[in-house]
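I opened a new page for this model. I wanted to look up a helix pair, the pockets and one alanine.

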Amino acid sequence: MDRSGPRALLAIGRDWTAIVALAWASERIGHPAAYVAAVWAIGVFQFALGESMLHEASHYNLFRARQWNLWLEPLYSLPFFRTVEQFQKEHNVHHRKLGSPEDHIQVDYHEYGVTRPPQKWFWLWFLKPATGWAGWYYLRGTSLKPWGSGARIVGFWAVAAAAFWAAGALDLLLLYWLVPFFWSFASFLYWSEIQDHCNTRSGTRSNLSPLMNRLTHNNGYHFVHHRYPAIPWYRLPEAHRALCPEEGDVSHSFLETYRQIRAPLPAPEPVAAERPVPATA
């Protein structure tokens, strides 16, 4: 499947431009409500980078030259305290062994509480991630191993912190990157993970919300991605319509996903016994 480096750079550039513009607007307005709104909007574009674009890079779907997907990780991976290599190791198991005990999503679901009854769904879906729990859980899972990955993470953040310190802008790094990262980005990641596979009939759910897919580089087209992981993000809607329009669980919004995950799945229909074939003379 054809990859497009210019499309990838435009998508990544859009996200970084939006983050800078939102931070600038918040500083100009100077009101606490504007800051909170900016934090949550920045989290959307952080998710587009640190989940959607990183995910595409892990499948080598951003650039035709495979190594560029790894070399450009300072744009979509290192700012989120992980490397493409670390993400790949976990994500490849998720694709090969979806739903098995080795799949990290099963561990995450247990820790989130969505597979441990009694599930308090309103608390789990609407409130728990925004308390900061999702950020704490994400940071708890970060690692500096293997040491090559750890050195790149530490090196990136040492340079970034030194640059903001030299510019007298460490407060901006805290307010407009680390706070959104810990609070809103981690919440969007938490919701996305639950949405993708929790309480599904087919094993995978797609969220076909036009707005969220526009903002997050078609991250919601999850069923077709699992079936055809080599299809790059910008072709997923087309692939969904052509290859599996009626397959997989489908949601169209945040609230519809909530209704689906809290609804009990119907019991499987009994399989009718096969009638014996009459003996022929």
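The entries below follow the order in which I looked things up.

**Entry 1: the model.** I noted at the start that this is a predicted model.

**Entry 2: a helix pair.** I looked up how helix H2 (residues 32-58) packs on helix H4 (residues 84-96). Their axes lie 9 Å apart, and the packing angle is about 80°. An angle of 65 to 115 degrees counts as roughly perpendicular, so H2 and H4 are roughly perpendicular to each other. I then listed who makes the contact. From H2 I wrote down Glu51, Leu54, His55, Ala57 and Ser58. From H4 I wrote down Val84, Phe87, Gln88, His91 and His95. By class, the residues of this contact are 4 nonpolar, 5 polar and 1 charged.

**Entry 3: the largest pocket.** I turned to the pockets next. The largest pocket holds about 880 Å³ of space. I found 44 residues in its lining. Which of them lie nearest the centre of the largest pocket? I have Arg82, Glu90, His104, Asp108 and Glu193. I also checked which elements give two or more residues to this lining. They are H2, H4, helix H5 (104-112), helix H7 (133-140), helix H9 (170-197) and helix H11 (222-227). H2 and H4, the pair from my previous entry, are thus both on that list. The lining of the largest pocket divides into 17 nonpolar, 16 polar and 11 charged residues.

**Entry 4: the second largest pocket.** I looked up the same items here. The second largest pocket holds about 360 Å³ of space. Its lining has 17 residues. Nearest the centre of the second largest pocket I noted Trp16, Ile19, Phe164, Leu173 and Trp177. Helix H1 (5-29), helix H8 (147-166) and H9 each give two or more residues to this lining. Which element gives the largest share of the lining of the second largest pocket? I found that it is H1, with 6 residues. I counted the classes too: 16 nonpolar, no polar and 1 charged. H9 appears in my notes for the largest pocket and again for the second largest pocket.

**Entry 5: one alanine.** I ended with alanine 263. Alanine 263 sits in the segment after helix H13 (254-262). Is alanine 263 buried, exposed or partly exposed? Its relative accessible area is 33%. Buried means under 20% and exposed means over 50%, so alanine 263 is partly exposed. I also looked up its separation from alanine 41. The two are 222 residues apart in sequence. In space, alanine 263 and alanine 41 are 29 Å apart, C-alpha to C-alpha.

Note on methods:
Residues numbered from 1 in each chain as written. Predicted model: local features only at pLDDT ≥ 70, side-chain atom pairs only at ≥ 80, totals over all residues. Heavy atoms only, no water. Axes fitted to C-alpha atoms, helices over the stretch in contact; angles between N-to-C directions. Helix = DSSP H or I, 4+ residues; strand = E, 2+ residues; numbered from the N terminus. Parallel < 35°, antiparallel > 145°, perpendicular 65-115°, else oblique. Contact = heavy atoms within 4.5 Å. Nonpolar A, V, L, I, M, F, W, Y, C, P; charged D, E, K, R; others polar. 1 Å grid on protein atoms, 1.4 Å probe; cavity = no way out; pocket = protein on both sides within 12 Å on 5 of 7 lines; lining within 4 Å. Points joined across faces, edges and corners; volume = space filled by probe spheres on them. Buried < 20%, exposed > 50% of the residue type's maximum accessible area, 1.4 Å probe, protein only.
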